[in-house]
Amino acid sequence: MKSKERTQQKYKKVTCPKCSSNKFKKDGKRKTQNRGKIQRHRCKNCNFRYVIDDGFFRMRNHPNKITCAIDLFYKGVSTRKVQEHFQTFYPKNSTNVSVYNWIIKYSDMKGGFTDKLKVKSGKEIQVDEMEYHRRQEHKKRGVSKDWFIDSIDVHTRFMVGSKYFKSRGKTEIKEVLAKVKYKTEGYVTTVTTDGYTAYENVVKKTWGYNNKKGRYNIFHKKVIASKGEGFNLFIERLHNSIRERTKTFRGFHGSVESARSIMKGYEIFYNFIRKHQAINCCPYELATDLILESSNRWLELIKLSKV
Ligand SMILES: [Zn+2]
């Protein structure tokens, strides 16, 4: 999407919450305690006055502060330390629980946008899983073994699809592969996995059989380490980066949903925020048509997810 088109798209979506008309005029600004002045709109059809939800509607903290917390967290600072840092500069302050809640809320919001982006990938996607432990405070024998299933485009290093699950059966793998297929349609010809049997039919089934060509629409490449066939280098490197960051969590706490949101946030961090050493830019710059113009890409992604 070119930036001009995007701006137009932003305005197209300003609709009256009462009558859905998109005809409006700007009507002064509302002063808020922590978020500065917010543009008001007046509907030309029914005269209703409203503000647009830019993702921070009714939040008691400034978007810069919220996205600063998210940025620090994914760069390795714990929610408790983020809170301590804020305490120094904003005496009336949020707890580490609200910092945690922002991470969850905005990861989900941005994920709704980034999960739909089409990816101009290379021909090969590598797929794998990582094991995670999650402590469940309310249960006595409270450690559950979970899985993070992820995938990477070898060419652009974009993490194409990923999701945190309670297990790694065919259903879970299928869900991630369906996302990979949707996002890379027309580009991918090979899916590489290890020898884990759950991949066996799911890869072929997801892409389907081509009767005309008399073969499957995908080539499933299996690399079996125990047979001395080596490793899938790109996904292994991705796992190293993920481990590097997530080791400071010392496992997850709480629900599978919140662990899932946190890992979605990591995916966004990896694709859109962190500069990738090997390609000297962010993966999204090679893999998508998206143009992010501001220095605060967290904030820009949140606003785009509300368009
Ligand atoms: Zn109206």
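This is a friendly dialogue about reading the predicted model shown above.

Reader: Let me begin with the whole protein. How many helices and strands are there in the protein?

Author: The predicted model has ten helices and eleven strands. Its C-alpha atoms fill a box of roughly 70 × 50 × 40 Å along the principal axes. Of the 307 residues, 32% count as buried.

Reader: Into which domains is the protein divided?

Author: Domain 1 covers 3-51 and domain 2 covers 124-264. The C-alpha centres of domain 1 and domain 2 are 41 Å apart. As for contacts across the sequence, take those with a separation of 6 or more: residues 24 or more positions apart account for 61% of them.

Reader: Now the strands. How do I read a sheet?

Author: The general idea is that strands of a sheet pair through backbone hydrogen bonds, either parallel or antiparallel. Here, one open sheet has three strands in the order β1-β2-β3, with antiparallel pairing. Its edge strands are β1 (24-32) and β3 (49-51), each of which pairs on one side only. From one strand to the next, the twist averages 35°.

Reader: How many bridges join β2 to β3?

Author: Strand β2 (residues 36-43) is joined to β3 by three bridges, and the two run antiparallel. To find this pairing in the 3D view, look for Arg40, which stands opposite Val51 in β3.

Reader: What should I look for around β4 and β5?

Author: Strand β4 (residues 124-135) pairs with strand β5 (residues 143-153) in the antiparallel sense, over eleven bridges. His133 has Lys145 in β5 as its bridge partner. Moving on, β5 is joined to strand β6 (residues 159-165) by five bridges, again running antiparallel. In that pairing, Trp147 stands opposite Phe165 in β6.

Reader: In which sense do β4 and β7 pair, parallel or antiparallel?

Author: β4 and strand β7 (residues 190-193) pair in the parallel sense, over three bridges. Ile125 stands opposite Val191 in β7. Next, β7 pairs with strand β10 (residues 219-222), also in the parallel sense, over four bridges. Val191 appears here too, with His220 in β10 as its bridge partner.

Reader: How do I read the phi angle of a residue?

Author: Most residues other than glycine have a negative phi. In this model, Asn47 has a positive phi of about 70° although it is not a glycine. Asn47 is found in the loop between β2 and β3. Arg157 is another such case, with a positive phi of about 65°. This residue sits in the turn of the hairpin that β5 and β6 form, with five residues between the two strands.

Reader: Is Asn47 buried or exposed? And what about Arg157?

Author: Asn47 is exposed, because 10 other C-beta atoms lie within 10 Å, and the cut-off for exposed is 12 or fewer. Arg157 counts as buried, because it has 22 C-beta neighbours inside 10 Å, where buried takes 20 or more.

Reader: Could you show me one more residue to practise on?

Author: Try Asn210, which is in strand β8 (residues 209-210). Asn210 is exposed, because 11 other C-beta atoms lie within 10 Å. Leaving aside its neighbours within four places in sequence, Asn210 is in contact with Arg215, Tyr216 and Asn217.

Reader: And how do I read two helices that pack together?

Author: Two packed helices are described by the angle between their axes and the distance between the axes. The axes of helix α5 (residues 170-184) and helix α6 (residues 199-207) come within 10 Å and cross at roughly 35°. This crossing is right-handed. On the α5 side, the residues in contact include Ile173, Leu177 and Ala178, while those of α6 include Val202, Val203 and Trp207. The residues of the contact of α5 with α6 divide into seven nonpolar, one polar and three charged.

Reader: At what angle do α4 and α10 cross?

Author: The axes of helix α4 (residues 96-114) and helix α10 (residues 297-305) cross at roughly 65° and come within 8 Å. Their crossing is left-handed. The contact is made by Tyr106, Met109, Lys110, Gly112 and Phe113 of α4 with Leu301, Ile302, Leu304 and Ser305 of α10. By class, the contact of α4 with α10 has six nonpolar, two polar and one charged residues.

Note on methods
Residues numbered from 1 in each chain as written. Predicted model: local features only at pLDDT ≥ 70, side-chain atom pairs only at ≥ 80, totals over all residues. Axes fitted to C-alpha atoms, helices over the stretch in contact; angles between N-to-C directions. Left-handed = near helix turned anticlockwise from the far one by under 90°. Contact = placed C-beta atoms within 7 Å. Nonpolar A, V, L, I, M, F, W, Y, C, P; charged D, E, K, R; others polar. Domains from an automatic or database assignment. Pairing = 2+ DSSP bridges.
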